[in-house]
Amino acid sequence: MQITKLNYRTILVFIGFIITVSCKTSQQWQGQGEIQEVNTQTVPVSLQFKNVFDLGKGIYASNEFDGARLNGIVLVNDTIISTLITPENSPINPSPWYAFKLWADKEQEITLALTYSEGVNHRYHPKTSTDGVNFEEIDSSNFSINNKIIEGKPKFSSATMRLSLSPDTLWISAQELLTTSHNDSWAQELSKKSFITNSKAGESREGRPINVLKIGNSDDKAIIAVISRQHPPEVTGYLGMKSFVETLSSDSEDAVAFRKKYNTYVFPLVNPDGVDNGHWRHNMGGIDLNRDWADFNQPETTVIRDFFEKKVKDSGGKIYFFVDFHSTWQDIYYTIDPEQKGNKPGLVPALILASGKELENYEPNIKPSPGTGKRVTSTSYFFYEHGAESLTYEIGDKTPRGFVKKKGEITAKKLIELLLK
Ligand SMILES: [Zn+2]
């Protein structure tokens, strides 16, 4: 199945703009601007058309798998393949999350172009895989970015790469493909431990389970809350969450003592519909879930709110710490205004400081919120509703995966130390 003639012409226009420019290196990351309240009532989303695409000349492509997007693909001439990557709706954060498979009857070299919808620049450095599990970054010498700014806005942006095709499937992906099936396997494996259970707390808009891991064997008087993946492409934050949670679940003496006092509840995949459908940011209601913690118009946020409200009501306990894992351009921590006191004043600054000291050549980048009391994001909701010392833990898109893991481990170890004091 080929893409429409209109798309074909659009792509040809995009191809005309492909030139090599050097990628600007970023200065110190200042973080996002102040969070704005937005209407979170459901709006329509567009899905990608899933298929095996016969591009001609013995070359094939497919997007018949979960996660990321491919919205159009065409063989422009014997050696150039052009793809179109578009979001589920707009306005939307520029996180073009792409993935697809390619193969050919005969071995051959091709140039592949990623082209993006208006207002969006290339973001994720491509990774390839031969099994869809183990991904490697494309060598920079085979890759170039053409981010164009016209009248102050990204327009006709694209990126090109050289690839070798063969009868064996080659995966091309913005980030490692970690979808609900990966998360289910991980959670099942973890819940083999006697002190961990994995259960369904509710359902997403499309009926996927919203699962919660319970880690610990205390009486729920002291609770830790962890969430991740409100935003589908944010794989590095998800990797950080896994490492953090695995460390809380370890056999170390401190972790065992911690679990006698604190129960940790983890929602590792808050937006399973967005993840499996390959959305850039939103859920199936077309909404950024991390703007829905005041109005709760979406099922995913509502499930988590109801779960913790009931937990606290039933036990008479408190949530002492809340962390929400994300990804962005570079590592950064968004914190609550340190002048405002929750159930464990000073915990978050102490945690960041203690973790930072253990990591070599690492200066934590911290951005406190202005402390307006507005409940728009998860962290503001958990702080102002529950008094939980709250942290948005952001990992860079390109942060080396070994460092992501190490930082997650150290953060968990330091949290345990601070809360057992
Ligand atoms: Zn995010």
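Helices and strands are taken here as DSSP runs, helices of at least four residues and strands of at least two, numbered from the N terminus. With that naming in hand, a tour of this predicted model can begin. In the loop between β11 (153-154) and β12 (158-165) sits Phe156. Its phi is near 55°, which is a positive value in a residue other than glycine. Phe156 is partly exposed because its relative accessible area of 25% falls between the limits of 20% and 50%.

A word on confidence helps before going further. The average pLDDT of the chain is 93, and 93% of the residues reach at least 70. Residues 1-6 have a pLDDT below 50, and this stretch makes 14 contacts in the model beyond near neighbours in sequence. The pLDDT is also below 50 over residues 8-26, a stretch with 32 contacts beyond near neighbours in sequence. Where pLDDT is low, the predicted coordinates should not be read in detail.

The metal site makes a good next stop. A zinc ion is coordinated by ND1 of His231, by two OE contacts from Glu234 and by ND1 of His326, at 2.1 to 2.4 Å. Along the sequence, these donor residues follow the spacing H-x2-E-x91-H. The angles subtended by the four donor atoms run from 56 to 147°, so the arrangement is irregular. For a tetrahedral site, all angles would have to lie between 85 and 135 degrees. His231 is buried, as its relative accessible area is 2%, and Glu234 is buried too, at 7%.

His326 also leads to another place of interest, since this residue is among those touched by Glu394. An unreviewed UniProt entry places the feature "active site" at Glu394. Glu394 belongs to strand β21, which covers residues 389-396. With a relative accessibility of 8%, Glu394 counts as buried. Leaving aside residues up to four places away in sequence, Glu394 touches His326, Ser327, Thr328, Gln330, Asp331, Ile332 and Tyr334. Ser327 appears again in a polar contact: the side chain of Glu394 reaches the backbone nitrogen of Ser327 at 3.5 Å.

Several loops deserve a look as well. Arg229 is found in the loop between β16 (222-228) and α3. The phi of Arg229 is near 65°, again a positive value in a residue other than glycine. At 1% relative accessibility, Arg229 counts as buried.

On the other side of α3 (235-248), the loop leading to α4 (253-261) holds Ser249. This serine is buried, with a relative accessible area of 0%. The side chain of Ser249 reaches the backbone oxygen of Val245 at 2.7 Å. Beyond residues up to four places away in sequence, Ser249 touches Leu190, Lys193, Phe195, Ile196, Ile215 and Arg259.

Earlier in the chain, Pro91 occupies the loop between β4 (80-85) and β5 (99-104). The peptide bond from Ser90 to Pro91 is cis, with omega near 0°.

The tour ends in a helix. Lys413 has its place in α9, which spans residues 401-420. This lysine counts as partly exposed, at 46% relative accessibility. Lys413 and Ser355 are separated by 58 residues in sequence, while their C-alpha atoms are 8.5 Å apart in space.

Key: Residues are numbered from 1 along each chain as its sequence is written. This is a predicted model: local features need pLDDT of at least 70, side-chain atom pairs count only at pLDDT 80 or more; totals for chains, interfaces and linings use all residues. Side-chain values use heavy atoms; hydrogens and water are left out. pLDDT is the predictor's confidence in each residue, from 0 to 100. Contact means heavy atoms within 4.5 Å. UniProt positions are given in the numbering used here, feature names are shortened, and annotations may be inferred rather than shown by experiment. Buried means under 20% relative accessible area, exposed over 50%, partly exposed in between (1.4 Å probe, protein chains only). A polar contact is a pair of N or O atoms within 3.5 Å; within protein, one must be able to donate a hydrogen and the other to accept it, and residues adjacent in sequence count only if both atoms are side-chain atoms. Donors are N, O and S atoms within 2.8 Å of the metal (3.2 Å for Na, K and Ca); water is not among the atoms, so sites may look incomplete. Four donors count as tetrahedral if all angles lie between 85 and 135 degrees; four count as square planar and six as octahedral if opposite donors are over 155 degrees apart and all others between 65 and 115; anything else is irregular.
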